[in-house]
Amino acid sequence: MSFDWEEFLDPYVQTVGELKIKLRGVRKQYLKKGTYSPIEFVTGRVKRRDSIKKKARKRGYTRDNLSEMEDIAGIRVMVQFVEDIWEVLELLHKRNDFKIIEERDYINNQKISGYRSYHVIIQYPIDTIDGYKIINAEIQIRTLAMNFWATIEHSLNYKYGGLIPEDVKNRLTNAAREAASLDAEMSLIRDEIQEAQLLFDGPQARANFKKENGEEDEFW
């Protein structure tokens with residue numbers, strides 16, 4: 001009997017869609033109040049079938065327990081500063097529309113490769129025409145620097161089938177240190193950056209910018 005992938009993945013598509021809307025809504029609430037938002041932007045994806053199959057073979061999942069895989073539904077919350085990660089984490093803990101079942105701190109306990117991020121595994125309830133379901137999902141919280149590095153590492157792992165050449169691996173590790181250093185430097189001037197951004201994002205500042213750049217007659 002063939003496996004109906006579309007039927008299996010539909011609840012995960014719904015989960016990702018709902019979580020993106022909710023977390024983007026959090027950012028919008030901050031901005032409407034004219035206050036700094038710890039959330040810069042939110043993305044999401046449903047794991048590809050080939051990636052699910054590969055992980056299932058590696059971890060011993062079968063059709064019967066495939067729904068136990070934690071990261072088929074994935075949300076990524078991007079922030080500007082390391083400090084924002086803990087603020088976003090606090091926001092997640094306060095929510096009552098899902099249950100946090102596990103956390104993995106790869107910031108204070110970064111991987112040997114240099115990978116840094118904070119992972120939160122949740123159980124998210126959805127309503128479908130077939131009834132109530134609980135879906136596992138993973139929320140990753142990263143700075144922009146962490147995400148840039150992780151994206152490059154992912155691409156290299158894909159290119160080399162997980163066996164990145166030693167010289168490239170060393171450079172990647174060095175780059176991870178530089179990314180961590182960048183995050184640390186930005187944290188030192190965090191207050192000044194936040195104040196500048198709030199000023200620039202104000203209605204008058206946007207109007208002035210458009211006028212200075214000859215865009216005052218454009219439709220936005």
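Reader: Helices are DSSP runs of H or I with at least four residues, strands are runs of E with at least two, and both are numbered from the N terminus. How many helices and strands are there in the protein?

Author: The protein has seven helices and five strands. Please note that this is a predicted model, in which local features need pLDDT of at least 70, side-chain atom pairs count only at pLDDT 80 or more, and totals for chains, interfaces and linings use all residues. Residues are numbered from 1 along each chain as its sequence is written, and side-chain values use heavy atoms, with hydrogens and water left out.

Reader: In what order do the elements run from the N terminus on?

Author: The order is α-β-α-β-α-β-β-β-α-α-α-α.

Reader: What box do the C-alpha atoms fill?

Author: Taken along the principal axes, the box is roughly 65 × 50 × 35 Å.

Reader: And what part of the protein counts as buried?

Author: The protein has 220 residues, and 36% of them count as buried. Buried means under 20% relative accessible area, exposed means over 50%, and partly exposed is in between (1.4 Å probe, protein chains only).

Reader: What about contacts between residues that are far along the chain from each other, at least 24 apart?

Author: A contact means heavy atoms within 4.5 Å. Among contacts between residues at least 6 apart in sequence, 64% join residues at least 24 apart.

Reader: Let us start at α1. Which residues there meet α2?

Author: On the α1 side they are Trp5, Glu6 and Leu9, and they meet Arg49, Ile52 and Lys53 in α2.

Reader: How do the residues of that contact divide into nonpolar, polar and charged?

Author: Three are nonpolar, none is polar and three are charged. Here Ala, Val, Leu, Ile, Met, Phe, Trp, Tyr, Cys and Pro count as nonpolar, Asp, Glu, Lys and Arg as charged, and the others, Gly among them, as polar.

Reader: Glu6 was on that list. Is Glu6 buried or exposed?

Author: Glu6, which is found in helix α1, counts as exposed because its relative accessibility is 55%. Its C-alpha atom is separated by 10.0 Å from that of Arg49, and the two residues are 43 apart along the chain.

Reader: Moving on to pockets, what volume does the largest pocket have?

Author: Its volume is about 1,600 Å³. On a 1 Å grid over the protein atoms alone, a pocket is an open set of points with protein on both sides within 12 Å along at least five of seven lines, while a cavity is a set where a 1.4 Å probe fits but cannot get out; lining residues have an atom within 4 Å of a point. Points are joined across faces, edges and corners, and a volume is the space filled by probe spheres set on them.

Reader: Which lining residues are closest to the centre of the largest pocket?

Author: Of the 36 that line it, the closest are Arg45, Lys47, Lys55, Asp71 and His154.

Reader: Which elements give two or more residues to that lining?

Author: They are β1 (41-46), α2 (49-59), β2 (73-79), β4 (118-128), β5 (131-143) and α4 (144-159). The lining of this pocket divides into eight nonpolar, 12 polar and 16 charged residues.

Reader: How many cavities of 30 Å³ or more does a search of the whole structure find?

Author: The search finds one. About 30 Å³ of space lies in the largest cavity.

Reader: Which residues line the largest cavity?

Author: Its lining consists of Gly114, Arg116, Ala145, Met146, Trp149, Ala176 and Ala179. Five of these residues are nonpolar, one is polar and one is charged. Helix α4 gives the largest share, three residues, and α5 (166-188) also supplies at least two.

Reader: Where is Gln110, and what does it touch?

Author: Gln110 is in the loop between β3 (99-105) and β4. Not counting residues up to four places away in sequence, Gln110 touches Tyr115 and Arg116. Gln110 is partly exposed because its relative accessible area is 42%.

Reader: And Tyr132, buried or exposed?

Author: Tyr132 is exposed, since its relative accessible area is 58%. Tyr132 lies in strand β5. Leaving aside neighbours within four places in sequence, Tyr132 is in contact with Pro125, Ile126 and Asp127.

Reader: Lastly, where does Thr173 lie?

Author: Thr173 lies in helix α5. With a relative accessible area of 22%, Thr173 is partly exposed.
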